[in-house]
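Grab your viewer and let's work through a few helices together. Try each exercise yourself before you read its solution.

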Amino acid sequence: MLGELAKPVMYLTGVGPKKSELYEKLGVKTVYDLLYHFPRYYIDMNEPQVIRDAPLNEQVVLKGRVVRKLPEGNIRRGLTVYKAIFTDDTADLTIVIYNAGFMFKALEVGHEYFLVGKLTGNMIRREINSPQIYPADAEPVQPVYRLTEGITQNQLRLNMRTALDSLGGFIYEPLPADVVREQGLCSLNYALQNIHYPTDMHTLELAKNRLVFDELLTLALGMLMMKSRSREKAGCPMGAESIDEYYSALPFELTNGQKDAINDCICDMQKDYPMNRLVQGDVGSGKTAVAAGAAYFAYKNGFQTALMAPTEILAGQHYETLKGFLEPLGVKVVLLTGSLTPKKKEKVKSDIAAGEYHVIVGTHALVQASTEFRRLGLVITDEQHRFGVEQRALLAGKGDNPHKLVMSATPIPRTLALMIYGDLDISVLKELPKGRQPVETYAVTGKLRERAFGYVKQYIEEGRQAYIVCPMIEESDSDLRDVKSYAKEISEGVFSEYRVGLLHGRLSADSKEKVMKKFKAHELDILVSTTVVEVGVDVPNAAVMIIENADRFGLSQLHQLRGRVGRGEHKSTCILITDNPTEEVVQRLKILSKSHDGFEISQEDLKLRGPGDFFGSRQHGLPKMKIADMSQDMEILVKAQETAKEILCKDPQLDKGKNRGLRELVEQLFEQDIAND
Ligand SMILES: Nc1ncnc2c1ncn2[C@@H]1O[C@H](COP(=O)(O)OP(=O)(O)OP(=O)(O)O)[C@@H](O)[C@H]1O
């Protein structure tokens, strides 16, 4: 299908072997890769500003002519400055170029140019330093690409032009004609020409829409095909056992959401293909009780359950919780982590293989090839976005195609969740357990730290516990707080009469576990910690949290951190301290004082910080997107999903001739992902 496009870039006129090595650093090996190396942004010269009105100290686009070139000056050795006077008849300015004599020489008096750069000086004497200069007949929208050392913007543009021209206007169209028509898309040929060299912003929009649609459609097809493939295989169908005794043994009444989610699982696990379900719930919504219910159902049916957590701390905690819920009912629970001694590990593993344990909780050690199960029926993963699709598949490969349950607190819109977890069904825990009060949240400057400490004291005196979170482990050159010196300072100073513990990621797994155990058992009053407490740590008696350098964290992360308090019936407080109270920081932190809804907060975070890492595909284990941004391209995402469903409904394996191009796209996208890992 690729034909000409599969040719190595080396064979393009103007590239050659040396440059093609540099191109590899950009992930560009073939002409196809080059064409899909999309611009980061564009410079639009369609509507240049007039010099007289152009603002100072901002990026501007100007059009005019060179009036005069001034004699060159040598500021010091190795630094030559070239100047020219430029006008558009509303005002003049001086172009200043350092060292790049070739650029200066190319300027011709009387000729017209576009200048792109920052105007400095004042309204009487304007200057533009080292501007980008384009002849007046250049293409009006100029792409700006991600580069690597040795390849300049102009070279890349030139090579791109050559690549586009070499295709002679013909590019294989992978989408079926009816899809292109129904979705009102432009052709792929048009899209590729115009994503690089749009004549204006409208053509760019058309091109972008088409390419984003292609990418999201491919992704949606792939995810749906994975889902249906897993349904083809027989699973571990279970019988309709009652789990009433689980409900009655719990120390609390489940919320309706929790009950529905457990029922969803029970229903799924009775089918003859494996369950693939995501339980999504905001911080503290009680996902573990859902997991335990599903595990108990598997137990009643004579199957083992494996629960995989992202950290040792969490694995330890899940182990304690599940033991508490399930052992009174006769279920044997065991913890299997990387930090067990080799001898102990061997023993635990052989007991698991012999079927001595019913529920096995652990970290990645669980996925190691050497762990054998006797009768694995259910695999639960916590916070799956840290694992990714392939890892999940690895664990699921054990046993006889077991049921799969994923728990996630990541608040993402449903459509997006469907895409990210496209191969999963979703249960959402909408409400929090009864009696929870919203965590009172204050954003203050460091000046109020003493008062914040006063609050903490008050809580401790009432029998509660406190977290203090800092961004760093050790002291560094930055002004950021670190847990080590902080813990020392407060335990020798303001909190000397209390028990202070220290937790961070560089402690050994054993020490981490010990500290967490002590904190859980209320043998510590204050835990000074890095963000290792962020995900899932559950100590309901902890009711106050101070977060230092709060401006360093994203809102969603702060929401996760804050979610460590307010998990019991006690009134709770979270104090965000910042020594950088700019207007923007204050606005951002205020959102947390107002909202307690993870979904709303993540939307705000998106608006303020842009998609960033949160939607980074690596986090979700999805193939990398080249142009689609799943947080921004929501409308196209929905259309792509609908189209994918329609196509697969008629042609589940994309075998038909007209869908063959799509099939190749799917294979390419998913294979590439595996290759990159
Ligand atoms: N229905 C309920 N009523 C009262 N308490 C509950 C209920 N369900 C769970 N809990 C308790 O609420 C706390 C939070 O539950 P859990 O740790 O499962 O939350 P989570 O959804 O995993 O949250 P996070 O994403 O923050 O880790 C636990 O102490 C748990 O025992």
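Here are three short exercises with solutions, all on a predicted model.

**Exercise 1.** Work out which residues of helix 12 are buried and how they are arranged around its axis.

*Solution.* Start with the span: helix 12 runs over residues 342–353, and its 12 residues reach 16 Å from first C-alpha to last, close to the 16 Å expected at 1.5 Å a residue. Next, pick out the buried positions, which are Val348, Lys349 and Ile352. Looking down the axis of helix 12, you'll find these buried residues within an arc of 100°, so they line one face of the helix. The spacing rule helps here: an α-helix has 3.6 residues a turn, so residues three or four places apart point the same way. Now flip to the face turned away from the buried side, where the exposed Lys343, Glu346, Lys347 and Ser350 sit. Finally, check the cover: it includes strand 12 (333–336) and strand 13 (359–362).

**Exercise 2.** Do the same for helix 16: which residues are buried, and what covers them?

*Solution.* In helix 16 (residues 483–492), the buried ones are Val483, Tyr486 and Ala487. Their arc, seen down the axis, is 95°, so they line one face of helix 16. Their cover includes strand 18 (465–469), strand 19 (500–503) and strand 20 (526–529).

**Exercise 3.** Describe how helix 10 and helix 11 pack.

*Solution.* First the geometry: helix 10 (residues 287–300) meets helix 11 (residues 312–326) at about 55°, and the axes are 10 Å apart. That angle makes helix 10 oblique to helix 11. The crossing is right-handed. Last, the contact: helix 10 brings Thr288, Ala292, Ala295 and Tyr296, while helix 11 brings His318, Thr321, Leu322, Phe325 and Leu326.

Notes. Residues numbered from 1 in each chain as written. Predicted model: local features only at pLDDT ≥ 70, side-chain atom pairs only at ≥ 80, totals over all residues. Buried ≥ 20, exposed ≤ 12 C-beta atoms within 10 Å, placed from the backbone. Helix = DSSP H or I, 4+ residues; strand = E, 2+ residues; numbered from the N terminus. Arc of directions from axis to C-beta. Contact = placed C-beta atoms within 7 Å. Expected span 1.5 Å × (residues − 1). Axes fitted to C-alpha atoms, helices over the stretch in contact; angles between N-to-C directions. Parallel < 35°, antiparallel > 145°, perpendicular 65-115°, else oblique. Left-handed = near helix turned anticlockwise from the far one by under 90°.
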